[in-house]
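Subject: the structure you wanted to look at

Hi,

Here is the structure, ready for you to open. Have a look at it first, and then read on for what I found.

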Amino acid sequence: MENMKMSLNTKLEVGLEIISAMIANASNEGYSVKDEKMKTLLEERDKLYSGDEKTIDKIHSKNIKAGLAVKPKTPAEAI
């Protein structure tokens, strides 16, 4: 995947999925919109929606390295 270049739109879509999952996880952990962790996540989400390329790349590349958005190699691995 390192050699593939993704379009900005694809990175945005993946980034939105990642940030949505991170917000849901934070909410499940008991964080509310008053907590700094949630405020930071919501600010990053807003930047993603506004098309901020720096934030899109940050969210996308940070989580790709963590293995959160890795595409399965075969259909069987997707299960």
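A bit of bookkeeping before the findings: I call something a salt bridge when a side-chain nitrogen of Lys or Arg sits within 4 Å of a carboxyl oxygen of Asp or Glu. By this rule the count comes to 5 salt bridges, and I go through some of them below. Please keep in mind that this is a predicted model.

**The overall layout**

The chain has 3 helices and 0 strands, so its pattern along the sequence is simply α-α-α. Of its 79 residues, 22% are buried. The accessible surface comes to about 6,000 Å², and carbon and sulfur atoms account for 53% of that. If you look at contacts between residues at least 6 apart in sequence, 47% of them join residues at least 24 apart.

**Helix H1**

H1 covers residues 8-28, which makes 21 residues. At 1.5 Å a residue it should span 30 Å, and its end C-alpha atoms are indeed 30 Å apart, so the expected and computed values agree. Which residues of H1 are buried? They are Leu-12, Gly-15, Leu-16, Ile-18, Ile-19, Ile-23 and Ala-26. As a reminder, an α-helix has 3.6 residues a turn, so residues three or four places apart point the same way.

Two serines in H1 are worth a click. Ser-20 lies in this helix and is partly exposed, with a relative accessible area of 40%. Ser-20 and Arg-45 are 25 residues apart in sequence, but their C-alpha atoms are 7.8 Å apart in space. Ser-27, also placed in H1, is partly exposed at 43%. Ser-27 and Met-38 are separated by 11 residues in sequence and by 7.9 Å in space, C-alpha to C-alpha. Just after H1, Gly-30 takes a positive phi of about 100°.

**The nonpolar core**

In soluble globular proteins, nonpolar side chains tend to be buried together. Here the largest nonpolar core has 12 residues: Leu-12, Leu-16, Ile-18, Ile-19, Ile-23, Ala-26, Met-38, Leu-41, Leu-42, Leu-48, Ile-56 and Ile-59. The elements giving two or more residues to this core are H1, helix H2 (36-49) and helix H3 (53-65). Which of them gives the most? That would be H1, with 6 residues.

Ile-59 is a handy core residue to start from. Leaving aside its neighbours within four places in sequence, Ile-59 is in contact with Gly-15, Ile-18, Ile-19, Glu-44 and Leu-48. Note the Glu in that list; I come back to Glu-44 below.

**Salt bridges**

Side chains of opposite charge can pair when their charged atoms come close. Here are three of the pairs:

- Lys-11 and Asp-57 form a salt bridge, with the closest N and O atoms 3.1 Å apart. Lys-11 is in helix H1 and Asp-57 in helix H3, so this pair ties together parts that are 46 residues apart in sequence. Asp-57 counts as partly exposed, at 32% relative accessibility.
- Glu-36 and Lys-39 meet through their side chains at 4.0 Å, N to O. Both lie in helix H2, 3 residues apart, about one turn of the helix. Glu-36 is exposed, with a relative accessible area of 55%, whereas Lys-39 is partly exposed at 34%.
- Lys-58 and Glu-44 meet at 2.5 Å, N to O. Lys-58 lies in helix H3 and Glu-44 in helix H2, so the pair ties together parts that are 14 residues apart in sequence.

**Back to Glu-44**

Is Glu-44 buried or exposed? With a relative accessible area of 10%, Glu-44 is buried, because the cut-off for buried is under 20%. Its partner Lys-58 counts as partly exposed, at 40% relative accessibility. The side chains of Glu-44 and Lys-58 are also joined by a polar contact of 2.5 Å. Beyond its neighbours within four places in sequence, Glu-44 is in contact with Ile-19, Thr-55, Lys-58 and Ile-59. Two of the residues just named, Ile-19 and Ile-59, belong to the nonpolar core described above.

Happy to go through any of this at your desk.

Cheers

Technical notes. Residues are numbered from 1 along each chain as its sequence is written. This is a predicted model: local features need pLDDT of at least 70, side-chain atom pairs count only at pLDDT 80 or more; totals for chains, interfaces and linings use all residues. Side-chain values use heavy atoms; hydrogens and water are left out. Helices (H or I, at least four residues) and strands (E, at least two) are DSSP runs, numbered from the N terminus. The expected span of a helix is 1.5 Å times one less than its number of residues. Buried means under 20% relative accessible area, exposed over 50%, partly exposed in between (1.4 Å probe, protein chains only). A nonpolar core is a set of buried Ala, Val, Leu, Ile, Met, Phe, Trp, Tyr and Cys residues joined through side-chain atoms within 4.5 Å. Contact means heavy atoms within 4.5 Å. Accessible areas come from the Shrake-Rupley method with a 1.4 Å probe; for residues, only the protein chains shown count as cover. A polar contact is a pair of N or O atoms within 3.5 Å; within protein, one must be able to donate a hydrogen and the other to accept it, and residues adjacent in sequence count only if both atoms are side-chain atoms.
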